Amino acid sequence: MVVWSNSRLVRILLVGDQGVGKTSLILSLVSEEFPEEVPPKAEEITIPADVTPEQVPTNIVDFSAAEQTDDALSEEIARASVVCIVYSVEDDTTIERISSHWLPLIRESMPMDQKKPVVLVGNKVDLVDFSTIDISYFQQVLSIMEAYPEVESCVECSAKTLQNISEMFYYAQKAVLHPTAPLYSTEDQDLTNECKKALVRIFKVCDIDGDGLLNDYELNHFQRRCFNAPLQPQVLDEVKAVLIKNVPDGIRQDAVTLKGFLFLHCLFIQRGRNETTWAVLRRFGYNEHLEMSSEYLHPPVKVPPGSSTELSHRGQQFLTALFDRSDRDGDGALSPEEFRNLFSACPSPPWMSDIKWTVSTNENGYLTLHGWISRWALMTLVDLPKTLEYLAWLGFNVHENESQLAAIHVTRERRLDFAKKQSSRSVYVCHVIGQKGSGKTALCRAFIYDDMRKITEKDLRSGVQHCINVVQVYGQEKHLVLRDIDVRQVLDPLQPNEVHCDVSCLVYDISNPSSFEYIARIYIKYFAESKIPVLIVGTKGDLLEVPQNYLLQPTEFCSKYKILPPQIFSVRDNKKDLFTKLATMAAFPRFQAAWILFYKHRLVQLWETTPLRRVVNFLFMSPNTQTSWSQPFNVNRHLKHFGLTPGDPLVWWKAGLGIAAITVVGWYVVRAFQRNTSTSYSHR
């Protein structure tokens, strides 16, 4: 592997046999005239960035065998960005020693898998007539370049006449900043595999409509992003003409194909315009090894303790547009083929078989837009580096012309949410805790499955910890993440990362008399003194509820610790309002008045379905429209919906006052109805 440094400092080392003119070249460059007296070795020269063609500071280092040891030479080679081997075009011996001595020495000074870029410098061209030079000279130099891939270029110059002096150092800089070897194989006369792989990814990212072609709009977009200038129509026509002439499949439907795109870059390199291809590669995040740079994939981001990370509006817009153009058949979901094509520009997809256990999908198990955004929201919350990495692979930096940090929002610290009793987050985390067999995993699956009959034993044993879905909190869409806390042994302590969350859901099995004790102890140990909202849920609500083998029954326990009474849940009914309650509690931590507002909203909904409404209907509807009551009214169950318990001494006062108020309203309505009836009779 040839290692090319893309640092903002170029260090050029000149080596060669004695008398070839190394020192004269350096002095001629600096003074712009040939020195009459030449010292054995020139001092190290630093050239400022503003006077170099590539706008980078450059150090030029001379080597003298008369004043320096072989060990010193090895150290200088290791420190150098590029080595210029100077020879005399009039001395065949110095040319032969390029391959017999200098190149092997440079290789020995580097690790086995690394090579140093080299530029061959033929000095003293003022002493020869190129028209009389033997053709064998050119063949000899060419054979050296072919045998040693690290040799970037060869330039002839004259320290005496100043011919090509500036060009020599330009090529040395170019060998460092825009090397040929990583891009092009002189042996194969083609792009390297690494270069092709990078350019294929760039092509796919720029193919906005996903049709496998770069049309005029996409080419112009590519030109602006890489070179900050539009592509002139005349230039575009010339490019297409070159492709039509040289590549049979380079143009299709008046657009550039992948084959044509690769050919253009190969042509740039063959014509010595490496900087064009390197500009493209670096704009898309590649380093000198043709790998995505760590700085590009993972820009620094500071997340304070207690804060979380979410997708910003721009991030969601980018991902939505990416989904829409990848959904080729327009069915609102990504088929396996569409999913693979979407991530074909990445090393691998970020998620595999765990999708259907983490987000909701369509009936075929395909990822919908709803599930797509939810899955990204989950990854952004639990694995921010991975989100930043894949946003870079998918081209957010290029299409948005900004760092992928613009796609991320860092929330305020949770302690501030507790202080204000309100959270501004859009993604909340709920930890679901309970013994094995309590039904907590089934509860989590019910969050993303509407029909629990589709759940198999394999789904419950999948081992996936997180699932995420959208809930409505006072008309606003929020993402709620349920994390299934794995309980290994009953006596095992919970880790801090298993306790800290936005809301906790403690689960017990109402049909198992030993189930409640575990979560009761969990609450007392971890949550009784915490500010984290807690909701206790009794699962398997379709089974017979049995007394719990604990000092306090669940309702009494909740009353003692002043938390909401147990919520009964059954996967057969799968009432989604349980998850809305959890999200509401997370959105308004330590602010029970906000939770009660939610219950009042539920009261209106229950009013539409409870027998109380049927009583009023029965009183005021005509006999022909009165219907019988099909189901008995379970008072206790409905009271629990509102945080009331039959054991509460005020509950029957509250219920009585409510019934009395309805009776008074009904009496006035009946009186008004009778008055209107008598009036109508009197007018007859």
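In the predicted model, an open sheet of 6 strands with mixed pairing follows the order 2-3-1-4-5-6. Its edges are formed by strand 2 (45–47) and strand 6 (151–156), each of which pairs on one side only. From one strand to the next, the twist averages 20 degrees. Strand 4 and strand 5 (residues 118–123) run parallel and are joined by 6 bridges; Tyr-87 stands opposite Gly-122 of strand 5.

Two helices lie across strands of this sheet. Helix 1 (residues 22–31) crosses strand 1 (10–16), strand 2, strand 3 (58–62), strand 4 and strand 5, at about 145 degrees to strand 3. Helix 4 (residues 135–147) lies across strand 4, strand 5 and strand 6, and runs at about 155 degrees to strand 6.

The loop between helix 2 (70–79) and strand 4 (82–88) contains Ser-81. Ser-81 is classed as buried because its relative accessible area is 10%, against a limit of under 20%. Beyond residues up to four places away in sequence, Ser-81 touches Leu-9, Val-10, Arg-11, Lys-116, Pro-117 and Val-176.

A further open sheet of 6 strands, with mixed pairing, has the order 16-17-15-18-19-20. Strand 16 (466–473) and strand 20 (567–568) are its edge strands, each pairing on one side only. Strand 15 (residues 427–433) pairs with strand 17 (residues 476–484) in the parallel sense over 6 bridges, and Cys-430 stands opposite Leu-482 in strand 17. Helix 18 (residues 440–448) packs on the sheet, touching strands that include strand 18 (503–509) and strand 19 (534–539), and its direction makes about 55 degrees with that of strand 16. Helix 23 (residues 577–587) lies across strand 15, strand 16, strand 17, strand 18, strand 19 and strand 20, at about 80 degrees to strand 16.

Definitions and conventions: Residues are numbered from 1 along each chain as its sequence is written. This is a predicted model: local features need pLDDT of at least 70, side-chain atom pairs count only at pLDDT 80 or more; totals for chains, interfaces and linings use all residues. Side-chain values use heavy atoms; hydrogens and water are left out. Two strands pair if DSSP finds at least two bridges between them. Helices (H or I, at least four residues) and strands (E, at least two) are DSSP runs, numbered from the N terminus. Contact means heavy atoms within 4.5 Å. Axes are lines fitted to C-alpha atoms, for helices over the stretch in contact, and angles run from 0 to 180 degrees between N-to-C directions. Buried means under 20% relative accessible area, exposed over 50%, partly exposed in between (1.4 Å probe, protein chains only).
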